[in-house]
Each structure stands twice: as structure tokens, then as C-alpha cells.
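Hi,

Here is the structure I said I would pass on. Have a look at it first, and then read on for what I found in it.

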Amino acid sequence: MDDSEKLRRILRKSRTLAVVGLSAQWHRPSYFAAKYMQEHGYRIVPVNPSYDEILGEKCYKSLRDIPVPVDVVDCFRKSAEIPALAEEAIAIGAKVLWMQLGVQNSEARARAEAAGLEVVENRCVKIEHGRFFGGLGWVGVNTKVISAKRASGH
């Protein structure tokens with residue numbers, strides 16, 4: 001199924017992303033994706049009980065602790081943890097439940113959709129943003145700087 005229009009619309013209309021499982025370690029995928037989105041104008045709200053602050057933003061222990069409206073709940077958690085996060089996303093009035101690459105849960109999808117949320121599974125916000133809005137060249141992706149091929153002449 002081609003959900004390009006749905007993804008483009010979500011990324012265009014959404015401005016606040018609660019990133020559940022965001023790590024403060026710069027080399028982790030969650031940090032890299034959140035930093036990219038922050039640098040492209042999105043407000044990042046970190047959700048991780050292990051930290052007080054990430055990327056210059058106050059970190060919250062759970063979605064229910066966030067005092068501002070959230071457009072997208074971006075989940076960097078195991079698939080088995082998503083149903084509980086879907087319930088929290090519903091409770092805080094989020095518009096989208098987004099599961100990162102490798103994360104899928106049909107129970108959470110059904111529950112979130114029944115409550116009126118849009119659901120994205122097995123997709124990366126950074127990759128999708130770059131695909132639609134020209135950011136794939138950011139930090140080496142699609143620039144031939146990172147390649148499995150040997151440079152010509154070697």
C-alpha cells in the first residue's frame with residue numbers, strides 16, 4: 001500500500017513530536033532522528049524516565065506528564081510495549097501514533113484507529129521527512145559519501 005500522501009500530510013501538519021524512548025546518546029537512532037526533526041522546525045518532547053533533559057528540552061517520564069498538546073507520538077520502543085503507549089497517546093489527545101522502523105503492533109493499531117488516531121508502522125520520521133521534503137542529503141545519506149562501493153580509481 002502506498003501511503004505517501006498520508007505520510008506527507010502528517011509531516012506537513014504536525015509540529016510537536018513526543019519521542020518515546022529518546023536516548024541522550026548521540027549515536028542512537030532515536031537521538032539522530034529527533035535531532036534531525038528538531039533542526040527542521042519540529043518541537044521535540046522527549047519521553048524517557050532516565051533523563052531530565054535531551055536536545056535542550058525537558059524530558060518527561062511518560063506521555064501523560066507532558067503539559068502541552070502533542071501531534072505525533074513517535075515510538076522508539078519494542079512492539080510489545082506499543083499497546084500501552086497507544087492508550088497513553090489516546091488519553092493525551094495525540095493525533096498520530098507513529099511506530100519506528102521494525103516496530104509494528106496490530107492490537108495497538110486497531111485501538112488507536114478506533115479512537116480516531118492515524119497510525120504509521122515500521123517507518124522512520126527522519127527518513128520519511130527527508131524523502132518528501134528534501135532532507136536525504138543530511139549527514140551523508142544519498143550523497144555517495146556513505147557507500148558500499150569502492151570509489152572509482154581505487
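Let me start in the middle of things, with one histidine. Leaving aside residues up to four places away in sequence, H129 touches L11, Y36, M37, H40, Y42 and G134. You will find H129 in helix α5, which covers residues 125-133. Is H129 buried or exposed? Its relative accessible area is 6%, so H129 is buried; the cut-off for that is under 20%.

Before I go on, please keep in mind that this is a predicted model.

Now for the overall picture. The protein has 5 helices and 7 strands. If you walk along the sequence, they come in the pattern α-β-α-β-β-β-β-α-β-α-β-α. Of the 154 residues in the protein, 45% are buried. The exposed surface adds up to about 8,600 Å², and carbon and sulfur atoms supply 50% of that. As for contacts, take those between residues at least 6 apart in sequence: 58% of them join residues at least 24 apart.

Next, the sheet. Five of the strands make an open sheet in the order β2-β1-β5-β6-β7, and the pairing is parallel. Which strands stand at the edges? They are β2 (43-47) and β7 (118-120); each has a single partner strand, so one side of each is left without a neighbour in the sheet. On average, neighbouring strands here are turned by 20 degrees against each other, if you ignore direction. For a closer look at one pairing, go to β1 (residues 16-20) and β5 (residues 72-75): they run parallel and are joined by 4 bridges. Within that pair, L17 of the chain stands opposite V72 in β5.

Then there are the salt bridges. The count comes to 11, and a few of them are worth pulling up on your screen.

One of them is between D3 and R123, where the closest N and O atoms are 2.9 Å apart. D3 lies in the segment before α1 (4-13) and R123 in the loop between β7 and α5, so this pair ties together parts that are 120 residues apart in sequence. How do the two compare in accessibility? D3 has 13% relative accessibility and so counts as buried, while R123 is partly exposed, with a relative accessible area of 22%.

R123 has another partner too: it forms a salt bridge with E128, and here the closest N and O atoms are 3.1 Å apart. E128 counts as buried, at 5% relative accessibility. Salt bridges that share partners join D3, R123, E128 and R131 into one network.

Elsewhere, R111 forms a salt bridge with E87, with 2.7 Å between the closest N and O atoms. This pair also links distant parts of the chain: R111 sits in helix α4 (residues 106-114) and E87 in helix α3 (residues 82-91), 24 residues apart. Both partners are partly exposed, R111 with a relative accessible area of 37% and E87 with one of 32%.

If you want a quick tour, begin with H129 in helix α5, move on to the open sheet of 5 strands, and finish at the network that holds D3, R123, E128 and R131.

Cheers

Note on methods:
Residues are numbered from 1 along each chain as its sequence is written. This is a predicted model: local features need pLDDT of at least 70, side-chain atom pairs count only at pLDDT 80 or more; totals for chains, interfaces and linings use all residues. Side-chain values use heavy atoms; hydrogens and water are left out. Two strands pair if DSSP finds at least two bridges between them. Helices (H or I, at least four residues) and strands (E, at least two) are DSSP runs, numbered from the N terminus. Axes are lines fitted to C-alpha atoms, for helices over the stretch in contact, and angles run from 0 to 180 degrees between N-to-C directions. Buried means under 20% relative accessible area, exposed over 50%, partly exposed in between (1.4 Å probe, protein chains only). Contact means heavy atoms within 4.5 Å. A salt bridge is a side-chain nitrogen of Lys or Arg within 4 Å of a carboxyl oxygen of Asp or Glu. Accessible areas come from the Shrake-Rupley method with a 1.4 Å probe; for residues, only the protein chains shown count as cover.
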